[in-house]
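Thank you all for coming. I would like to take a few minutes to walk through one structure, starting with the chains and then turning to one pair of helices.

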Amino acid sequence: MRKLYRFKAPIVLRRIKGHSMQPKYMPGDLVVASSFIQPKVGKVVIADVGTYDVIKRIGSISEGVVELHGDNSSDSKPSTTTVNDIRAVVL
Amino acid sequence: MSLLDKIIKPAYAHCDLFCGVYDPAQARIEAQSVYNSVQKYLESDDEVFKARAIAIKEERAELTKHHLWVLWTDYFKPEHLEANSDLHNIFWKATKAASAAKKSMDLKNSQALLDAVDEVGVAFAATKEGYDYETVINNLNA
C-alpha cells in the first residue's frame, strides 16, 4: 500500500546500480538529488517504488501518475508510479 | 564495503523487469519436472498415467525453453558476453537439450537438460553478486 504522506529528505545521495540510465549515468556513479526541485517531464528522479529506489527519467505526468523511462532503451521499459513516490530530482 | 557505501543507499537503474526478477531457478524447476516426469513414466504400468506423464513432460520442456530464452534475450547483456565468450554456446546447448528432452522418454536426455540448465545457472551466478545457484539445486534435491 502506498503511503499517503511521505517524508522527503531535502538532499538525497544515491549510488547507481544497473545500466538503464547509460550513457549519462553509469553503474557506480554517485548522484545528488533534491526534493526542493519540482519533478517535471525530462527530469531525472529518484523514486521509491516499494522496497527500494530507482533512478529514471520522467516521460510524462498526468493526474498524479508519472511515467518513468530509462535513457538506455535497450535496457529499460517504461513503468509508472505516483508523484508522491518521487523522492527527489537529480541535480 | 567502505563506510560511504554503507551510508549511501543504491538507486536501481533497472533492467527490462525490476532487478531480481530474472532467475535461472525457473528453468531449473521446469527441467527437474521434465526429469521427474520421465522417471514416473518409466516406473509406471498405467497407460493413462504414462500418457499424462508424456504430456506434462512436453509442456515442461517447452517452459524450460521459454525461461532460458527470457534469460538469454532479456537478462544477459553484451558485457556479460565479453566476460564469458561461451555464453551463446551455453544457451544454444541448453535450448537444444530442452528440445531433445521434449521428444524423448530417455532419462539420459532429461539429465542432459538438467546439466545444460545448470551450466546456465552457473553462468548467471557469475554475473550476480550474492546469488547462489547451488542453493537452487540443493532445494530441488531436498
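**Two chains and a helix pair**

Let me begin with chain A, where, among the contacts between residues at least 6 apart in sequence, 47% join residues that are at least 24 apart. Please keep in mind throughout that this is a predicted model. Chain A holds zero helices and seven strands, so that anyone reading along its sequence meets the pattern β-β-β-β-β-β-β. Of the 91 residues in chain A, 40% are buried, and the chain exposes about 5,100 Å², with carbon and sulfur atoms supplying 58% of that area.

Chain B is built from seven helices and one strand, and from the N terminus on its elements run α-β-α-α-α-α-α-α. Here there are 142 residues, of which buried ones make up 39%, while the exposed area of chain B comes to about 8,000 Å², 55% of it from carbon and sulfur atoms. If we again take the contacts with a separation of 6 or more, residues 24 or more positions apart account for 69% of them in chain B.

Now to the helix pair. How do the axes of helix α5 and helix α6 of chain B cross? Helix α5, residues 87-102, and helix α6, residues 107-125, have axes that come within 8 Å and cross at roughly 155 degrees. Because angles over 145 degrees count as roughly antiparallel, that crossing makes α5(B) roughly antiparallel to α6(B). As for the hand, α5(B) passes α6(B) in a left-handed crossing.

Which residues make this contact? On the α5(B) side they are B:L87, B:I90, B:F91, B:K93, B:A94, B:A97, B:A98, B:A100 and B:A101, and these meet B:N109, B:S110, B:A112, B:L113, B:A116, B:E119, B:V120 and B:A123 of α6(B). Sorted by character, the residues of the contact of α5(B) with α6(B) divide into 13 nonpolar, two polar and two charged.

Let me finish with a single residue, B:V122, whose place is in helix α6 of chain B. Is B:V122 buried or exposed? Its relative accessibility is 54%, and B:V122 therefore counts as exposed, the cut-off for that term being over 50%. Along the chain, B:V122 and B:Y133 are 11 residues apart, and their C-alpha atoms are separated by 6.5 Å.

Notes:
Residues numbered from 1 in each chain as written. Chains lettered and ligands numbered in written order. Predicted model: local features only at pLDDT ≥ 70, side-chain atom pairs only at ≥ 80, totals over all residues. Heavy atoms only, no water. Axes fitted to C-alpha atoms, helices over the stretch in contact; angles between N-to-C directions. Helix = DSSP H or I, 4+ residues; strand = E, 2+ residues; numbered from the N terminus. Parallel < 35°, antiparallel > 145°, perpendicular 65-115°, else oblique. Left-handed = near helix turned anticlockwise from the far one by under 90°. Contact = heavy atoms within 4.5 Å. Nonpolar A, V, L, I, M, F, W, Y, C, P; charged D, E, K, R; others polar. Buried < 20%, exposed > 50% of the residue type's maximum accessible area, 1.4 Å probe, protein only. Areas by Shrake-Rupley, 256 points an atom, 1.4 Å probe, with all protein chains shown as cover.
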